[in-house]
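Visitor: I should like to take a close look at a single part of this structure, namely the surroundings of the ligand. Please describe them step by step.

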Amino acid sequence: MTTTETTTAAELFSRTLRLDSRPNPYPLYEQMLDLPVTEMSDGSWLVSRHADIKRVLHDPRISANRLDPNAPDPGEAKAPASFLVQDAPSHDRLRGLVMKEFVPRVIGMRDHLEELVGKLLDAHLSDGPGQLDIVDDLAYPLPVTVICELLGVPQEDEPIFGEFARKLTRGLDPVEEPDEAEIRELTQVRNALIDYLNGLIVEKTRNPGDDLLSAFMPADPTVDRLGPLDLRATLALLLIAGHETTVNLIANGTLALLRNPDALARLRNEPELATMLVEEVLRYDPPVQMTARSTTADIEIGGVLVPAGSALRVMLAAGNRDTDVFADADQFVPDRPNNAHLGFGGGVHYCVGAMLARAEAQIALTALSRRLDNPRLVADPPPYRENAVLRGPEHLLVSFDRLRK
Ligand code: HEM
């Protein structure tokens, strides 16, 4: 690794975090792909290539602990960090307890998802020209309704926890100069969310329902369960993941379709294309652009020796454009074969909500392609949210000639 590579990696990474890169960070990722695994000026390492990312996500000597030695004291937290950032064995146990309840509830949800998407679009039925904000009218309310129903969280409280989720996801973005006041504020928001969940747990203990929250507190004391603190951390994780990720998959998918009219026309005529098409959105414009890890031993990644105790910046969205793996990586190919994208991560932390998010996006995009006549983007690029990690449009205005039943 040369000094130039170190400077280039740091500069590219820093530029991806800047707001003006949000509409199109892909040229920066393309340049990252020219670099080997590279140490940056802050001591963290940039990992961009597909093979190196896969290695990082699958090596048990690489921890999900985000390790940030320079992070200021966050203040007193009312719940521990979620299993997203834990390793075996605690990660595996907590994840197992969640999957056991989550997966059976998601299987068989398709009809209900069709119904929800139908209702959201019916609210804008129009025989003449009109406009939709894909984010506010469909991409956000759909996953939020679904995660609230699944967890047993009252949707009328959405203004409260929606705001928490929004603030907390900003905290996922890497910061170049950690700001003590901001970090303490994040802890306060997280504590406020935990207080809100405490109220709900009391309520569900009295009146259990057919929901995940109740299922996480089985009446039988001999059944292995989430302890009280892990229960709160897990609920917060699921609530936030349900709020802040699928919205971007549906919005990014709509954007890709409207920028690629052939793909839109194909989806309208061949709804079965939705499965492959959504995988391509997860590759081409993934809702989670990057993640982080740390090494617990000296490890060679892509021919470079990374010392124990190093923080890794794992650029999922860059790996998704790696031409060693994907032919025409910069093209949106709705029926791309062997699409080994990194959109849901990989290894033991592979996304718990993948099946749900896929189904929501497949149904939403198919419905849009069928029901909108002559849809057009009102602004291209659309305005983007500030988030660099969970990246997506703030609004996505689409005009149409008709919104049919
Ligand atoms: C399009 C939507 C989504 C995308 C792109 C996405 C992406 C991801 C990615 C990349 C990871 C791995 C993070 C890492 O390894 O550091 C992950 C983990 C996770 N996701 Fe998702 N996610 C989505 C939706 C959801 C939903 C709807 C839920 C649940 C309601 C969910 C729950 C989780 C959980 C619990 C983990 C942690 C898994 C573990 O640590 O074992 N996700 N997701």
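Guide: The following account describes the surroundings of the ligand, beginning with the iron atom. Please keep in mind that the model is predicted.

The iron atom of the ligand has a single donor from the protein, the SG atom of Cys-351, at 2.3 Å. Cys-351 is located in the loop between helix H15 (316-319) and helix H16 (354-371). Cys-351 is also among the residues that come nearest to the ligand, together with His-91, Thr-291, Arg-293 and His-349.

In total, 27 residues surround the ligand. Sorted by class, this shell consists of 16 nonpolar, 8 polar and 3 charged residues. Several elements each supply at least two residues of the shell: helix H4 (90-106), helix H11 (228-244), helix H12 (246-259) and strand S5 (291-295).

Polar atoms of the protein also face oxygen atoms of the ligand, as three examples show. A polar side-chain atom of Thr-291 lies 2.6 Å from a ligand oxygen, and a polar side-chain atom of Arg-95 lies 2.7 Å from a ligand oxygen. For Val-348, a polar backbone atom is the partner, with a ligand oxygen 3.5 Å away.

Strand S5, which contributes to the shell, also belongs to an open sheet of 5 strands with mixed pairing, in the order S1-S2-S8-S5-S3. At the edges of this sheet are strand S1 (38-39) and strand S3 (62-63), each of which pairs on one side only. Within the sheet, strands S2 (residues 45-47) and S8 (residues 311-314) run parallel and are joined by 3 bridges; Trp-45 has Leu-312 in S8 as its bridge partner.

Terms used:
Residues are numbered from 1 along each chain as its sequence is written. This is a predicted model: local features need pLDDT of at least 70, side-chain atom pairs count only at pLDDT 80 or more; totals for chains, interfaces and linings use all residues. Side-chain values use heavy atoms; hydrogens and water are left out. A residue is near a molecule or strand if one of its heavy atoms lies within 4 Å of it. A polar contact is a pair of N or O atoms within 3.5 Å; within protein, one must be able to donate a hydrogen and the other to accept it, and residues adjacent in sequence count only if both atoms are side-chain atoms. Helices (H or I, at least four residues) and strands (E, at least two) are DSSP runs, numbered from the N terminus. Ala, Val, Leu, Ile, Met, Phe, Trp, Tyr, Cys and Pro count as nonpolar, Asp, Glu, Lys and Arg as charged, and the others, Gly among them, as polar. Donors are N, O and S atoms within 2.8 Å of the metal (3.2 Å for Na, K and Ca); water is not among the atoms, so sites may look incomplete. Two strands pair if DSSP finds at least two bridges between them.
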